[in-house]
Amino acid sequence: RTVYVNGDYVPEDQAQVSVFDRGFLMADGVYEVVSVLGGKLIDFDGHMVRLKRSLAELSITNPLTDEAFLTAHRELLTRNAITDGLVYLQVTRGNPGDRDFVYPPADTPPTLIMFTQAKPGLADAPAAKTGWSVVSVEDLRWGRRDIKTVQLLYPSMAKMEARARGADDAWMVEDGHVTEGTSNNAYIVKNGTIITRQLSHDILHGITRAAVLRFAREAQMKVEERPFTITEAQEADEAFITSASSFVMPVVRIDDAPIGGGKVGPVATRLREIYLEESLKLGV
Ligand code: PLP
């Protein structure tokens with residue numbers, strides 16, 4: 001693979017970042033993942049808006065203009081011959097030359113790295129027909145989950161716990177209510193109403209979430225943004241998740257309870273179809 005490091009395109013085994021980079025020492029950095037379908041970057045502008053917000057919240061310098069980010073994305077797709085897959089980008093506060101809790105001077109250049117992941121058939125994931133199973137775990141993350149930081153140890157632990165329990169993912173629970181999945185937003189459907197937690201510091205403001213809720217409302221579906229419990233989810237007609245890499249993915253089991261008889265339901269199926277169709281039209 002050819003990867004991007006601070007303006008250069010280099011073979012992945014030649015890419016270098018300082019051992020003192022605060023991304024490496026302190027998880028002091030943010031990231032974005034944009035999916036690629038048929039060579040098109042899905043909801044690129046949405047991801048750029050969130051990237052700039054994450055950077056601003058942490059006072060990390062934005063290394064590139066949106067236009068330069070787009071050029072770099074396209075260049076990586078071309079060099080790696082990607083038509084279906086993902087582009088990962090990460091901006092960290094950079095390399096102060098030594099380890100220190102105090103931020104380096106504001107003019108310290110941030111570190112920008114980007115790479116691609118090829119995922120042939122990304123939009124035709126067989127799991128979309130059978131659905132995921134999820135387990136509930138306590139949400140032990142920090143209090144600013146709206147900032148897309150590279151501090152992913154707890155979600156990774158939760159994912160491992162899900163795997164150990166034979167499930168596909170974990171839904172995290174705080175004060176009795178579901179926050180979100182390890183790397184996705186969580187939804188249930190009851191009597192035709194789509195229910196998902198409202199935006200706050202407690203969850204990541206999913207770019208796919210925003211698009212799916214917009215498409216749902218345009219299709220005259222009812223949407224309620226509020227917290228829900230695991231019990232309410234287990235008694236729902238349907239459940240699903242959204243993320244840039246999974247789009248809309250049905251959930252058919254939560255802990256020991258099958259949802260909707262353990263079968264993928266019509267609302268999740270329809271939203272997945274609408275999302276894939278509409279977002280392809282909006283891809284750049
Ligand atoms: N929630 C968390 C914790 C995530 O890590 C992600 C994506 O990585 C999402 C939600 C979904 O966000 P998006 O739709 O922008 O991919």
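Helices (H or I, at least four residues) and strands (E, at least two) are DSSP runs, numbered from the N terminus. The model is predicted, so that local features need pLDDT of at least 70 and side-chain atom pairs count only at pLDDT 80 or more, while totals for chains, interfaces and linings use all residues. Residues are numbered from 1 along each chain as its sequence is written.

**Exercise 1. The shell around the ligand**

Task: State how many residues surround the ligand, and find which element gives the largest share of the shell.

Solution. Start with the count, in which a residue is near a molecule if its C-beta atom, placed from the backbone, lies within 6 Å of it. By this rule 13 residues surround the ligand, and the closest are Leu204, Gly206, Ile207, Thr208 and Ala244. Next, look for elements that give two or more residues to the shell, and you will find helix 6 (207-218) and strand 13 (238-243). Helix 6 provides the largest share, with three residues. Finally, sort the shell by residue type, where Ala, Val, Leu, Ile, Met, Phe, Trp, Tyr, Cys and Pro count as nonpolar, Asp, Glu, Lys and Arg as charged, and the others, Gly among them, as polar. The shell then divides into four nonpolar, seven polar and two charged residues.

**Exercise 2. The chain as a whole**

Task: Describe the make-up of the chain in helices and strands, and explain why the chain is as compact as a globular protein of its length.

Solution. First, the chain has eight helices and 15 strands. Its radius of gyration (taken over C-alpha atoms) is to be compared with the globule rule, which is 2.2 Å times the number of residues to the power 0.38. The radius of gyration is 19 Å, close to the 19 Å that the rule gives for 284 residues, and therefore the chain is as compact as a globular protein of that length. The C-alpha trace spans about 55 × 40 × 35 Å along its principal axes. As a last step, consider contacts, meaning pairs of residues whose C-beta atoms, placed from the backbone, lie within 7 Å. Among the contacts with a separation of 6 or more, 72% are between residues 24 or more positions apart.

**Exercise 3. A six-stranded sheet**

Task: Work out the order of the strands in the open sheet of six strands, and say which strands stand at its edges.

Solution. Two strands pair if DSSP finds at least two bridges between them. Begin with strand 5 (residues 85-92), which is joined to strand 3 (residues 29-37) by eight bridges, the two running antiparallel. On this pairing, Val36 stands opposite Gly85, and Val30 has Val91 as its bridge partner. Strand 5 is also joined by eight bridges to strand 6 (residues 111-118), again antiparallel, with Gln90 opposite Ile113. Strand 3 and strand 4 run antiparallel and share two bridges, and here the bridge partner of Val36 is Leu41. These two strands form a hairpin with two residues between them, and Gly38 in the turn has a positive phi of about 55°. The full order is 2-1-6-5-3-4, with antiparallel pairing. Strand 2 (8-11) and strand 4 (40-41) stand at the edges with a single partner strand each, so one side of each is left without a neighbour in the sheet. Helix 2 (residues 44-57) packs on the sheet and touches strand 3, strand 4 and strand 5.

**Exercise 4. Two loop residues with positive phi**

Task: Locate Ser59 and Asp175, and decide whether Ser59 and Asp175 are buried or exposed.

Solution. A residue is buried if 20 or more other C-beta atoms lie within 10 Å of its own, exposed if 12 or fewer, and partly exposed in between, with C-beta atoms placed from the backbone. Ser59 lies in the loop between helix 2 and helix 3 (66-79), and Ser59 has a positive phi of about 50° although it is not a glycine. Ser59 counts as exposed because it has 9 C-beta neighbours inside 10 Å. Asp175 is in the loop between strand 8 (169-174) and strand 9 (177-181), and its phi is likewise positive, about 50°, although Asp175 is not a glycine. With 9 other C-beta atoms within 10 Å, Asp175 is exposed.

Conventions. Two residues are in contact if their C-beta atoms, placed from the backbone, lie within 7 Å. Axes are lines fitted to C-alpha atoms, for helices over the stretch in contact, and angles run from 0 to 180 degrees between N-to-C directions.
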